[in-house]
Amino acid sequence: MAAAAADAAHRARTRQEERAAELTEAARREAEAGTALTETADAVNLPAERPALTAVRQALADHTAALAALWPSLRDRAEARRAVADEQAEAGRTGGRVAELDERMAEATRLAAAADEHHTTLRSTVGAAVAELERRLAETADALGACERDQKQARHEYSAADRRAGRAEGRIEQLDKDVHEAAATRAEAIAALQRFAATGLLTVALPETPLPPLDGDSWAATPAIALARAVETALSGTDDSDGAWERVQKRLSEEYKKLQDVLSRGGHRATARMTEDGMIVDLVYQGRERAVPELAGALATEVQELTRILSAHEREILETHLLTEVAGTLQELIGTAERQVHAMNTELEQRPTSTGMKLRLVWRPSRKAPVGLAQARARLRQSADAWAAEDRAAVGEFLQAQIARAQAENATGSWLEVLTTALDYRAWHEFGIERHQHGTWVPATGPASGGERVLAVSVPLFAAASAHYATAAPHAPRLVTLDEAFAGVDDDSRAKCLGLLHAFDLDVVMTSEREWACYPQVPGIAIAQLSRVDDIDAVLVTRWQWDGAERTRAPEPDRRMATVPAPAHSPGSPSPPRRGPRVRPERPVGLRSDTGPPVAWEDRPWRERGKTLT
């Protein structure tokens with residue numbers, strides 16, 4: 001252990017001695033470097049300290065920046081000196097030129113003075129003869145100039161005239177060629193017009209236009225042009241656009257096929273042939289080839305004869321059928337309609353509004369009624385047995401006029417369609433609505449309250465619905481649907497309107513925001529009240545029923561299907577008549593409305609109809 005410690009101490013002393021030697025060497029080099037630095041700084045006249053050297057470096061940088069900024073100015077100054085030198089040289093040259101010009105001007109002035117002096121001397125020696133000679137020379141010079149101008153103008157005009165003459169000769173040749181071409185074109189057009197007139201189509205289109213002779217030579221220009229102008233004048237209003245031409249081309253084959261079908265049914269024939277002027281149809285009627293005008297005349301004669309025969313047949317029908325059976329049916333229908341209107345007005349008379357307003361229906365001749373309806377209607381109210389000869393003739397003429405008018409309006413219709421339209425007495429009449437005001441009946445279109453206007457519109461519609469359903473089977477539904485019924489109408493008028501619906505024997509389904517329809521005038525209803533709460537996807541249906549005196553909760557209907565049997569009666573026996581109220585409170589059928597007490601109801605005895613309820 002002691003040996004190791006001694007050895008370690010020896011190594012430590014050795015390292016210490018090496019470090020001391022190195023430190024001594026470093027101190028020596030530092031002293032040499034300091035001496036060299038001091039000498040160098042003295043040689044260049046700079047400080048040896050670092051802060052001082054930093055300040056010198058900054059000063060050098062500032063000096064460099066100042067020199068950089070000064071350089072453009074020095075360059076501009078050098079350029080300005082060169083420019084000044086150039087300007088001075090130019091000024092020297094300009095001065096020399098000015099001096100030269102001054103000398104030349106002085107010489108010219110001297111020469112001008114000498115010439116003037118010479119001219120004055122000559123004028124004073126020669127006298128007036130020279131002045132006269134000068135004047136004539138001036139006039140001659142002017143005349144010579146004018147002659148030269150005139151000569152130049154004449155040459156120009158000659159050249160222009162020569163060019164115009166050349167163009168005129170070419171134009172004359174072109175016009176001669178155009179005249180020959182136009183004459184040839186006119187001859188072709190006249191020949192085409194003559195060929196087209198020979199087809200007979202022009203006579204069909206313009207039967208009143210006279211034509212030149214077709215069996216002679218070619219037409220002269222004058223009559224052909226007159227005919228062409230007459231055709232153009234007569235057909236000036238005809239649509240000759242491309243669209244019209246295309247439509248005619250499309251219809252041509254259809255019309256030709258239709259003509260063939262019509263003629264073939266009568267044993268006649270129609271054949272088509274194409275020519276350069278179009279398609280020509282040749283007609284063979286009754287074994288003879290006929291032109292269209294000839295065929296039109298023959299058909300007109302035949303139609304006239306058939307019309308005479310048909311008129312006699314119509315008179316026979318009018319005498320044997322229309323004036324007995326049809327007139328009696330019209331008499332019965334018109335009387336039934338008047339009685340039904342009277343019954344409706346009786347119901348309306350018994351139900352005035354709370355303000356005393358009364359309404360009535362007026363069934364009167366329409367504003368578009370045929371002429372003579374008033375007289376015919378007055379006779380139709382009487383029995384046909386009581387008609388005199390003039391009454392029969394007047395009614396027959398009226399009905400025959402209606403048949404003729406229906407035939408004119410529907411020329412292609414069958415006799416059934418024509419007679420149905422001609423004898424429809426409903427088209428001869430119209431309904432009007434009047435209200436009782438200040439002791440007189442006036443049109444219901446005048447000023448009124450909102451509720452009165454609703455009643456003036458809805459109540460007559462109920463009456464019309466009742467009249468419409470009057471032609472149905474005895475147990476057929478007579479359904480009327482109302483949405484937001486009787487809005488703006490007071491309770492008393494509501495009750496009367498609902499009672500009127502019952503009197504009209506109507507089956508009503510209605511919705512309302514506040515109406516429950518529980519009035520003594522209503523013998524029975526089924527009510528479905530709807531209720532809902534926001535943010536809940538469900539609607540509560542609460543069912544009620546009204547029996548004419550009290551409103552009670554109704555049982556929930558059975559959700560299962562149930563078949564209700566029809567009333568038993570023999571197959572050949574007639575259906576039982578609908579008499580009295582058809583209200584069955586124990587089996588109400590209804591809809592429901594929105595929140596609150598809206599109501600939908602129906603009063604028909606479904607049990608009697610053999611329906612399936614759900």
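Colleague: Is Arg 251 buried, partly exposed or exposed?

Modeller: Keep in mind that this is a predicted model. Arg 251 has a relative accessibility of 49%. Exposed would need over 50% and buried under 20%, so Arg 251 counts as partly exposed.

Colleague: Which residue does Arg 251 pair with in a salt bridge?

Modeller: Arg 251 sits in helix α6 (residues 242-265), and its partner lies in that helix too, 4 residues apart, about one turn of the helix. The closest N and O atoms of the pair are 3.2 Å apart. The partner is partly exposed, with a relative accessible area of 33%. That residue is Glu 255.

Colleague: How many salt bridges does the structure hold?

Modeller: Side chains of opposite charge can pair when their charged atoms come close. Arg 251 and Glu 255 are one such pair. Over the structure, the number of salt bridges is 22.

Colleague: Okay, what about Glu 434 and Arg 360: how many residues apart in sequence are the parts they tie together?

Modeller: Their side chains meet in a salt bridge, 2.7 Å from N to O. Glu 434 lies in strand β5 (residues 429-437), while Arg 360 lies in strand β4 (residues 358-365). So the pair ties together parts whose separation in sequence is 74 residues.

Colleague: Of those two, which one is buried?

Modeller: The cut-off for buried is under 20% relative accessible area. Arg 360 has 29%, so it is partly exposed. The residue at 14%, which makes it buried, is Glu 434.

Colleague: Which residue in β6 stands opposite Glu 434?

Modeller: Strands of a sheet pair through backbone hydrogen bonds, either parallel or antiparallel. Here β5 and β6 run antiparallel, joined by 4 bridges. Opposite Glu 434 in β6 stands Pro 443.

Colleague: In the open sheet with the order β4-β5-β6, which strands stand at the edges?

Modeller: The sheet has 3 strands with antiparallel pairing. Its twist averages 40 degrees from one strand to the next. Each edge strand has a single partner strand, so one side of each is left without a neighbour in the sheet. Those edge strands are β4 and β6 (440-443).

Colleague: There's another open sheet, with the order β9-β10-β11; which are its edge strands?

Modeller: That sheet is made of 3 strands, paired antiparallel. An edge strand here pairs on one side only. The twist averages 35 degrees from one strand to the next. The edge strands are β9 (525-531) and β11 (551-553).

Colleague: What is the bridge partner of Trp 544 in β11?

Modeller: Let's start from the strand pair. Strand β10 (residues 540-546) runs antiparallel to β11, and 3 bridges join them. In β11, the partner of Trp 544 is Arg 553.

Colleague: And where does Glu 556, the salt-bridge partner of Arg 543, lie?

Modeller: The side chains of Arg 543 and Glu 556 meet at 3.3 Å, N to O. Arg 543 counts as buried at 19% relative accessibility, whereas Glu 556 counts as partly exposed at 47%. The pair links distant parts of the chain, 13 residues apart: Arg 543 is in strand β10, and Glu 556 is in the loop between β11 and β12 (562-563).

Colleague: Last one: which residues do salt bridges that share partners join into one network?

Modeller: The pairs we went through, such as Arg 543 with Glu 556, were taken two residues at a time. In this network, salt bridges share partners. The residues joined are Glu 25, Arg 28, Arg 29 and Glu 32.

Technical notes: Residues numbered from 1 in each chain as written. Predicted model: local features only at pLDDT ≥ 70, side-chain atom pairs only at ≥ 80, totals over all residues. Heavy atoms only, no water. Pairing = 2+ DSSP bridges. Helix = DSSP H or I, 4+ residues; strand = E, 2+ residues; numbered from the N terminus. Axes fitted to C-alpha atoms, helices over the stretch in contact; angles between N-to-C directions. Salt bridge = Lys/Arg side-chain N within 4 Å of Asp/Glu carboxyl O. Buried < 20%, exposed > 50% of the residue type's maximum accessible area, 1.4 Å probe, protein only.
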